[in-house]
Amino acid sequence: MVSSMARLAPLVTTSEWMRALPFATRLILQGDAAARTAAAAVWGVSFSQIACRALSQGSRATLWLGPEEYLLLDMSDESASVATLEHAIGNIPHALVDISHRQIAIEISGPFAERILNGGCPLDLDLSAFPIGMCTRTVLAKAEIVLWRNRADAFHVEVWRSFTGYVAGLLREIAREYYPV
Amino acid sequence: MSFRVSKGGHIDRSRSLKFTFDGKTYAGFVGDTLASALLANGVHLVARSFKYHRPRGILAAGSEEPNALITVYRDAARYTPNLRATQVELYHGLQAKSQNRWPSLRTDFGRINDQLSAFFPAGFYYKTFMWPRKAWKAVYEPIIRRAAGLGVAPTQADPDRYAQRYAHCDVLVVGSGPAGIAAAMSAASTGARVILCDENSQFGGGLLSEADHSATRIDGLMIRHWIAQAIQKLKENSRVTLLTRTTAFGYFPHNFVALSERVTDHLENPDLHLVRERLWQIRATSVILATGAIERPLVFPGNDRPGVMLAGAASTYLNRYGVKTGSRAVVVTSGDAAYTTALDLHAAGVVIDAIADLRTAPVGAWVEAAQSAGIKIIAGATVLDTQGNVRVRRIDLGQVVSGTVVKLQPINCDLVLMSGGYTPSVHLFSQSRGKVEWSDTVKSFVPGRSAECERSVGACRGIYDLSEVLTDGAATGLALASKTPISVQSASFTVKAMPIDTNPYVGALPQPDSQSSSKAFVDWQHDVTTRDLALATREGFRSIEHVKRYTTTGMATDQGKTSNLNALAIVAQTLGVPIPQVGLTTFRMPYTPTTFGAFAGISRGDLFDPVRTTATHEWAQARGAVFENVALWKRARYFPRANEDMHAAVARECLAVRHSCGIFDATTLGKIEIVGPDAAEFLNRMYVNSWSNLNVGRSRYGILLREDGFINDDGVIARLAADRFHVTTTTGGAARVLGTMEDYRQTEWPDLKVWLTSTTEHWAVIAVQGPRSRDVLQPLTDIDMSASAMPHMSVALGAICGVPTRLFRVSFTGEMGFEVNVPADYGRAIWEAIFAAGQFHGITEYGTEAMHVLRAEKGYIIIGQDTDGTVTPDDAGLTWAIGKNKLDFVGKRSLERASMKTATRKQLVGLRTPNGEVLEEGAQVTLRTGQKPPMALVGHVTSSYFSAVLGYPIALALIGGGRARLGQTLYVPMPNGDIKVEVTAPVFYDTPGARING
Amino acid sequence: MLIIDCPYCGRRPEIEFTHGGEAHLVRPPQPAELSDQDWAAFLYMRSNTKGIYAERWRHARGCGQFFNALRDTTTDHFLSTYKSGTPRPVVNTTPSEEGHS
């Protein structure tokens, strides 16, 4: 559906180490392996059977969030079709829910990315403990985030939209040590 | 006069610094602490004691300092009391002042307390100031707080920034003396991630106190060269993090260790981007404690005069800072350690009048060295007293001859150095819940069984020989990093040093039968003397934990660093039991005081808590909305125009909804999408209502109970498809309800094919309420909104202004109403489109306050306001919602319990005030007027407002047996007298409910 | 802060978890058949063990899953974590020589 209405996501000020990622389609798929197999055929990315791992292909990705819960991302297409997936999965018991507007994505990158995130995130972000491709729900101070490392020095962070101001403000305050303002 | 020696130590004599203490300017060098710089200027008097206001000097050279608590300030906000002068690094322009004295340090009127000390025995405040009870708060407490105490708090908010960082490592090494450095080196050699931290500004620990001319060598290197080489090697390893000025102050379960790093306190002009302190929260696979040992003071009368200090501290001041701590010294010692001090001072030109050795026949290389230096040694010595006002000027020695103490000729001196051996620092080990055990050779408690994956190395477990210390550190570092058994072959060091007989002493020094009237201090910081401890045991305290609290020994910021062992020994001796039987008090965190700023970190101001806002927040701000906090959300409470107060604004907003149309942001309501073939069955089991018979496109008001039968949450639930429901929850209950549902789904009914997804933030929800609401919305949407197509409690999918929408016909006002759900990024645009379209119909934005009034006029409850966790559906008048034929749902069985059915339960009713008062929410309700407390209460007011549409105040209340009291007159007792109230039904407006179906 | 070994995600910090009370309490399939006393026991009575305690945790800010754990309430050391619906494992109940987090 095309609308002339203005689309307005919570604002994140871009800096050397932080930027807001563009609008994306976000879907939560829950159900068993059969549903995922059917979905993978049309989504074009398979689903990691290993916990806390993301798989990606082009602009699309699937992120393991729980044993039966995956986040489907399409970073280029803001209207990737739910109907196509629903049709492909058919009668296999599952839940597919569009949450595109529930959260926004920011990227934290650069040589201080780990240290900035560790200003509020209690996980071990050393490459040996949090390798490229690892993703998980976790916390950043008092906010819940999904953290996905897609490069050695870059993290994709999913934040619930109303927490954007808090998370971005927090990270900016932490980063002042590394990027004096 | 300067007490600085011309060369040697770790200070930079080419860089002079000016600082002030109590307003007087002094000079020091880069590398000094405030304590060493003051001593270099001949200043020993730095404090007044806690209770007796006795003049106090600098006792130690490190974090164990109990006396020299001072205030350092840059301005009224950057003002830190109670710092140890021994830990404060000097910078140019540093300003410090003493504490707990008036009018000055030299002339302190509080000194009267010392003369009156007979009135301030242990526990005096428990005994003296109890009666009359009222006087405690008004008289005694303020006086005591002013007279006995520490520094004062800053008067302005802290302008500095503080950081926090989580970090992980394989091995955390606490302390960088020889044991810590050796442990870090061998752990790092395995490739392990290592963090080495030290509270000092330099690595090296006790090795920094070694004299430049010392003959001691490690692997053929002078001590300072060995340290430099080792640290350089660690620095070059990218897996090693080195932290100076960093105190490990707390050891929490599962090897979670808190460190406080002081980043800028030592800087003259800190860069603005630097934080003042950084709190490190470290998760270590293994922890190596190399926290060293603290020299044990000797307990004798007059042992607290300025100029009486620990022998090792004098070595540190001389060898590290190039400062002589006096001109004429008497050294009192139980072992060899203080002989090194005596010889070093002697070499630096300090007259050593005597070494008073507690041993009856001291022998060995150190004794010979002292003798050949011409120093007089008194064997079997003890100290009977000291003299001097603000500085020691004489020591009265005694000698134990065949079991009796005889007096010796007094010696004039300005420095008394004491050494009773060492006490291993087991503070962190104890915090980790490790079990300490008594060692007769160390005469101290040492680490026993560990509770965590942790090991103590070196002096903190009673190993003092340098060679053994290094080997211990290296072997343990390797073993913990590589997870192999500890093997002594792991590392070897060639050490050249003279062996030292530490011969520790514990307890009070022997005294003659006719004792000096001077006080012998055990705990300098809290002014606890031998007599206080004896008194406590005489008064029946047996447990060391009780003695500690009664006398305050070993408490608070000091944590008994210098005092614990002597206190234990004295208590043991008084009770006639061995020390291990008395036991050791538990060490508390923090090891040394830690700033509030470090704990708060960045959680201050705007970042204290997340502030959640909706898509229309800026719009509401621009319209002048007054916001209120609801859970973490900011919600517009009302929109005042011109000179309106809240009452006027809310009345206007309410009337607009009743007469035309209002627009309200309901985004914060929780939303859960429940999907799957068993979705309806799941809802049947969770909610009291029936869901199987709800048609697609319709919605229902649902009530969720806890298993104990009380209302947990409520909300409207719509069926979007046979296997898909859109569930709404209260704003505050969203996360809790989802968690409860997940619990039942995963653990009670894992067989159900149903899944839950939070959609709270996906949708912006715009409530349009009032008789004109349909007229406003219909032109914007392709959905047929006619009463026949969209009756009350229906839902339709379609588009509004071209944006996909879930349109609910639902009302929380009693008027015809709709809730427009649109994807949140479009929330602002659609809101503005509706607002523009509604202008013709007089659309009025309204806030949560009007929403509260409107729903109260209809008797609709708000969870958490009209319910409090003890309210059943029947209490709230909601029995109609319960599915009649359901065998089970969460909480159903509890509703069958007898107590849930009594007629006297509090039930929701309305209250009206014949005299027009607006009641206070939370006010109690009584059956009769004119009573005095205590009186029987029959219920309480839960909601109370002035109703503009009705023209009078209304209230909801929970009243015992309330529904049977309709028409009765009850009373609300208030400070100004009882308010008469009349019990009514809870629906005040449009009782038949006709307006909702327009 | 404890380290909890989530059966799905591995060892993670306690701050990501919520505690869920005693484990292995099964909601009676037919609550109506229980006496008031038995129902009250199900609602309110817990063993409150000093020592090894079977308790529920949820990795709420992780995979979202509920699971069970055996924890020594006197030391805070976990002896085992296991998925909901699986039986309580038999563990060596003598205290270990030293803690493993």
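**Exercise 1. How many residues do chain A and chain B each bring to the contact?**

Before we start, this is a predicted model, where local features need pLDDT of at least 70, side-chain atom pairs count only at pLDDT 80 or more, and totals for chains, interfaces and linings use all residues. Residues are numbered from 1 along each chain as its sequence is written, chains are lettered from A and ligands numbered from 1 in the order in which they are written, and side-chain values use heavy atoms, with hydrogens and water left out.

Step 1. Contact means heavy atoms within 4.5 Å. By that rule, chain A puts in 49 residues and chain B puts in 50 residues.

Step 2. Now for the area: about 4200 Å² is buried between chain A and chain B, and carbon and sulfur atoms give 57% of that. Buried area is the accessible area (1.4 Å probe) that two parts lose on being put together, summed over both.

**Exercise 2. Find the salt bridges and polar contacts between chain A and chain B, then describe chain A's side.**

Step 1. A salt bridge is a side-chain nitrogen of Lys or Arg within 4 Å of a carboxyl oxygen of Asp or Glu. Chain A and chain B have eight salt bridges between them. One of these joins B:Arg278 to A:Glu177, at 2.1 Å from N to O.

Step 2. There are also 23 residue pairs in polar contact between the two chains, both residues at pLDDT 80 or more. A polar contact is a pair of N or O atoms within 3.5 Å; within protein, one must be able to donate a hydrogen and the other to accept it, and residues adjacent in sequence count only if both atoms are side-chain atoms.

Step 3. On the side of chain A that touches chain B, β2 (25–31), β6 (94–98) and α4 (164–175) each supply at least two residues. Helices (H or I, at least four residues) and strands (E, at least two) are DSSP runs, numbered from the N terminus.

**Exercise 3. Is B:His427 buried or exposed, and what does B:His427 touch?**

Step 1. Find the residue: B:His427 is in helix α10 of chain B, residues 427–431.

Step 2. Check the cut-offs: buried means under 20% relative accessible area, exposed over 50%, and partly exposed in between (1.4 Å probe, protein chains only). B:His427 has 5% relative accessibility, so it counts as buried.

Step 3. Leaving out residues up to four places away in sequence, B:His427 touches B:Gln559, B:Lys561, B:Phe587 and B:Tyr591.

**Exercise 4. Why is helix α19 of chain B largely enclosed by the rest of the structure?**

Step 1. Count: α19 (residues 679–686) has eight residues and six of them are buried, which is why the helix is largely enclosed.

Step 2. Name them: the buried ones are B:Ala679, B:Ala680, B:Phe682, B:Leu683, B:Asn684 and B:Met686.

Step 3. Look for the cover: among the elements over these residues are β36 (670–675), β37 (699–705) and α20 (734–748) of chain B.

**Exercise 5. Draw up profiles of chain C and chain B.**

Step 1. Chain C has one helix and six strands, in the order β-β-β-α-β-β-β from the N terminus. Its C-alpha atoms fill a box of roughly 45 × 30 × 20 Å along the principal axes, and 48% of its 101 residues are buried.

Step 2. Chain B has 24 helices and 51 strands. The C-alpha atoms of chain B fill a box of roughly 115 × 70 × 55 Å along the principal axes, and 61% of its 998 residues are buried.
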